[in-house]
Amino acid sequence: MASAHIDTFARDRLPPVAMQPEFLFELPELQFPERLNCGAELLDRAIARGWGDRLCVRGAGLRWTYADLLAHANRIAHVLVGDMGLVPGNRVLLRAPNTPMLAACWFAVMKAGGIAVATMPLLRAKELVAIIDKGQVSHALCDLRLADELQAAARACPVLRQVRCFNDPSPQGLEAAMAARPATFDNIDTAADDTCILAFTSGTTGVPKATMHFHRDVMAICACWPGHVLRPSADDVFIGSPPMAFTFGLGGLLLFPMAVGASTVLLEKASPAQLLEGIRDYGATVLFTAPTSYRTLAAHGDAIRASTLRRCVSAGEALPAATRALWKQATGIELIDGIGATELLHIFISADESRARPGATGTAVPGYRARVVDAEGRPVPPGTVGRLAVQGPTGCRYLDDARQAQYVQNGWNLTGDAYLMDEGGYFHYQSRTDDMIVSAGYNIAAPEVEEALLQHPAVAECGVIGVPDEERGQIVKAFVVLRPGHAEGPEMARTLQEFVKQTVAPYKYPRAVAFASSLPRTETGKLQRFRLGQADAAGIAGAGTDPREATPSTDRKVAP
Ligand code: 3UK
């Protein structure tokens, strides 16, 4: 299959075939032609299907139809090629909050045969430098409001030759260049297996990992989970919090609505309060956000009930059964849980409202197969905890990275999660394989203790880690954020300890409890347990096993 890439950087750095996972294309909807451009498929084809005048994307005071988005994307594609010298295969960094312009830039890169490298808005120059270096990024399109850190990074990265800003009224701005270019564009005829995005993992230490995904992969995720689990309609209005740099957001807030002719609301900031406002103002029907956000939003159950919202998707981290119950009780809506990963692009185990089971993520999404394996990669019987292994039309390809051999073994993607599968084929999340606490010989999954604590009415949020202990190796320590109106202190700590003992096997109770005003989270909403551990080791927050030492005044140092 002839690549359209003139710049072969990505193709040259694919993992060798023997180190890639096995890919499955059994479903009829996964039969892709050899030539495929996902930008053309999702955007130009939408017009061809007669959706040109349908509302496509809203946000930041804008209201674009499919035809509007196409015209913007085409003009930007011209600027990329004509003014910025892009050739197919070049990497283009995108930096902006979720906005219609960011969506247009993303499509422009697809159409021009480039490779999009979307980045989290909160990243600083140092992190941007690491991404630019790793991806040898030559071009960037950036929201003027976020330009400073990118300019600082650019000074340290000679490889980044071309930077244009949008929301920029100056003659040098992207908008001025777009105005001089036509609203039609001849899409680059890419191969289905040309890389079109580099998605960086939300990894925490060391050199960032870039996952490579093809035009085909983008279309595959539109066919699998949305087609079989979410099953949205053209009248749906999508909204949510994940940034488009997080593939959860790229799929949920851009690709999936567009694959069915629906519309999407792109919020620049999406705190629970802003989500609530957005749901009301835009009449949203489908919400994508993380479990903690649902916990907070549940306090506004009546407002949600009075709104148009009807489908709610949770991903990014494990959904505690308590949160599922809380949301159902507050809003009447059953959450759709789904586990996805940057390496697999989107969700591969999930269950819709009618099949949801508390405490289980769901079953393998059609197109994927999943199993639980032991340390040697052998499948274990139902009911046994082991490592989650997945195969499907998408899978892990790290750009030039030895860690490929950890994620992909024997043709299976190993996500780093400990799971058990029950007799019914439902997968039950236990922990990250490295979040298993071993205390006095017992294996204790941190999320299970968190789940128990969350059932107590005083607990707003919590994070559980193992901390070193001479006698037991490790002990379970809980960091707890209380709801307003509850007092921190040894008495509350004892109450919570007793509560956990009544809820799960007593040996799992947190022998140490500290209180905090907030917990460290990634921009993608994931609890950073390792940072709780670091703060704890540094003696910052409520150290020791005596809850009396759980001093509220020290907590802020644990928070981000
Ligand atoms: C964890 C979950 C239990 C799990 C993602 C949807 O989160 C996404 O990608 P990341 O690369 O992280 C992957 C890891 O996150 N996780 C995600 N969802 C769940 N654990 N239940 C869940 N529902 O440890 C996984 O290995 O940041 C999620 C779609 C696209 C994504 N990239």
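1. In this predicted model, an oxygen atom of the ligand lies 2.4 Å from an N or O atom in the side chain of Asp417. A polar side-chain atom of Arg432 is likewise placed 3.0 Å from an oxygen atom of the ligand, while a nitrogen atom of the ligand is 2.7 Å from a polar backbone atom of Gly338.

2. As for how far the ligand is enclosed, the protein covers 95% of the 610 Å² of accessible area that the ligand has on its own. Helix H10 (247-259) and the strands E13 (336-340), E19 (412-421) and E20 (427-432) are the elements that give two or more residues to the shell around the ligand, and E13 gives the most, with 4 residues.

3. The ligand is surrounded by 23 residues, of which Thr247, Asp337, Gly338, Thr342 and Asp417 are the closest. Sorted by class, this shell around the ligand consists of 10 nonpolar, 8 polar and 5 charged residues.

4. Turning to the nonpolar interior, the largest core holds 121 residues, and the members that touch the most others are Leu69, Ile76, Trp106, Leu141 and Trp225. Helix H4 (residues 100-111) supplies the largest share of this core, with 10 residues.

5. Leu69 may be taken as an example: leaving aside residues up to four places away in sequence, Leu69 touches Leu43, Cys56, Val57, Trp64, Pro100, Ala103, Ala104, Phe107 and Met258. Apart from the largest core lies another core, of 24 residues, including Ala452, Ala458, Cys462 and Val464.

Definitions and conventions
Residues numbered from 1 in each chain as written. Predicted model: local features only at pLDDT ≥ 70, side-chain atom pairs only at ≥ 80, totals over all residues. Heavy atoms only, no water. Core = buried A, V, L, I, M, F, W, Y, C linked by side-chain atoms within 4.5 Å. Buried < 20%, exposed > 50% of the residue type's maximum accessible area, 1.4 Å probe, protein only. Contact = heavy atoms within 4.5 Å. Near = heavy atom within 4 Å. Polar contact = N/O pair within 3.5 Å; in protein donor to acceptor, adjacent residues only side chain to side chain. Areas by Shrake-Rupley, 256 points an atom, 1.4 Å probe, with all protein chains shown as cover. Nonpolar A, V, L, I, M, F, W, Y, C, P; charged D, E, K, R; others polar.
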